[in-house]
Amino acid sequence: MRINVTRSSMPSYEEYCEEIKKLWDSHWLTNMGVEHKELQRELEEYLSCPHVVLYTNGHLALENIIAAMQFPEGGEVITTPFTFASTTHAIVRNGLVPVFCDVNTYDYTLDTDKIEELITEKTVAIVPVHVYGNLCDVEKIEQIAEANNLKVIYDAAHAFAVKYKGVSSACFGDASMFSFHATKVFNTIEGGAVCFRNDKIVEMMNDMKNFGIRGPESVVFVGGNAKMSEFQAAMGICNLRHLNEEIAKRKKVSERYRGHLDGAVGIKLCSPQKDVDSNYAYFPVVFDGFTATRNEVYSVLIENGIIARKYFYPITNDFECYRGYETAGAEKTPVAAYIADHVLTLPMYADLTLEDVDRICRIILSL
């Protein structure tokens, strides 16, 4: 039986149907209806964040929060190349210049020792990325940002429900963006959100996602359309009820992988982070001196019906569309380039059986 790299968490068919039944009564399918408002309220409470603005996907959420900061055209943004395309695209589509900082060797987030050397008079912000559920060094980044008067916007697509010293990942920096894509720990089918504390940008964020419409005859802003539908919100309401249980199941899968792979020659795993409550979003393995290369492991797993993922590969500063940028080039971020060439994320989802984990590990260790 084929094992995919992930599988979407879903409530029971009956639970979801019960949640959306009211939509057949109201015929209100989008435009911030009852389900949308309820999910927003529940997320603000769950994340201990005063403002959560929902979006149809995480990318538009990130684009819009960057736009809301009103940075000058051509401003430089320090960010990581070890991320999904969305992060870098959101920066560039706002008329800003990505400046790529390398990552560290232990959790693959921004190397905070290399940030300050990249700051210039043009630098306006830092956009760090929490990777695989591993949190960035939020304390060091905050210190650097405050000392240099920079905004910090976290791409927290991988970090929903993660806490550091008991504080939600939604509460760090000036804002955090979450993805609620079907592949994430918490999903709304498609979807995303921005979390922040600044009361002054709430209205702007809502304007940007709904054409700038403030009333039947009032359009005050040149906005777009990025609204979350009622069906998406309903899925989120259902999935939130089961989230703690889902994370507990993921933890067991992660622990089973570690039991087999931790300490194996040529296999490197991320160590659990101190003071961090993980969401077990992904299980990355770096093959460094193993008996088979990353690509060979990937191919053998596919031959056995097991889909792993080269994630992230390639790194974004090696994309064709960024090769004209002065700051681009994988050679400028050697750690990120090396990890990208050697990492596989193994199948990880709540309903992955421990027997399947055993099988995956047996195949890898037999190479």
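Here are four short exercises on the structure above, each with a worked solution.

The structure is a predicted model, in which local features need pLDDT of at least 70, side-chain atom pairs count only at pLDDT 80 or more, and totals for chains, interfaces and linings use all residues. Residues are numbered from 1 along each chain as its sequence is written, and side-chain values use heavy atoms, with hydrogens and water left out.

**Exercise 1. Lay out the open sheet and place two helices on it.**

Start with the strand order. Helices (H or I, at least four residues) and strands (E, at least two) are DSSP runs, numbered from the N terminus. Two strands pair if DSSP finds at least two bridges between them. Seven strands form an open sheet with mixed pairing, in the order β1-β9-β8-β5-β4-β2-β3.

Next, look at the ends. β1 (51–55) and β3 (97–100) are the edge strands, each with a single partner, so one side of each has no neighbour in the sheet. On average, neighbouring strands of this sheet are turned by 25 degrees against each other, direction ignored.

Now add the helices. Angles run from 0 to 180 degrees between N-to-C directions, and axes are lines fitted to C-alpha atoms, for helices over the stretch in contact. Contact means heavy atoms within 4.5 Å. Helix α4 (residues 85–92) packs on the sheet and touches β2 (76–79), β3, β4 (123–127) and β5, with its direction at about 135 degrees to that of β3. Helix α5 (residues 138–148) lies across β4 and β5, at about 150 degrees to β5.

**Exercise 2. Describe the surroundings of strand β8.**

First, its burial. Buried means under 20% relative accessible area, exposed over 50%, and partly exposed in between (1.4 Å probe, protein chains only). Five of the five residues of β8 (residues 175–179) are buried, so the strand is largely enclosed by the rest of the structure. Both faces are covered, with A175, M177 and S179 on one side and S176 and F178 on the other.

Then, its partners. β8 pairs with β5 (residues 151–155) in the parallel sense over three bridges, and D155 stands opposite M177. With β9 (residues 192–196), β8 runs antiparallel and is joined by five bridges. There, F178 has A193 as its bridge partner, while M177 stands opposite V194.

**Exercise 3. Classify two helix pairs by their crossing.**

The scale comes first: angles under 35 degrees count as roughly parallel, over 145 as roughly antiparallel, 65 to 115 as roughly perpendicular and the rest as oblique.

Take α8 (residues 243–261) and α11 (residues 354–365): their axes are 10 Å apart and the angle is about 30 degrees. These two helices are therefore roughly parallel.

For α3 (residues 58–68) and α6 (residues 202–209), the axes come within 10 Å and cross at roughly 130 degrees. This pair is therefore oblique. A61, N64, I65, A67 and A68 in α3 meet M204, M205, M208 and K209 in α6. By class, that contact has seven nonpolar, one polar and one charged residues. Here Ala, Val, Leu, Ile, Met, Phe, Trp, Tyr, Cys and Pro count as nonpolar, Asp, Glu, Lys and Arg as charged, and the others, Gly among them, as polar.

**Exercise 4. Decide whether T345 is buried or exposed, and find its contacts.**

Locate T345 in strand β15 (residues 343–346). Its relative accessibility is 2%, so T345 counts as buried. Leaving out residues up to four places away in sequence, T345 touches V5, Y132, F283, P284, A308, R309 and Y311.
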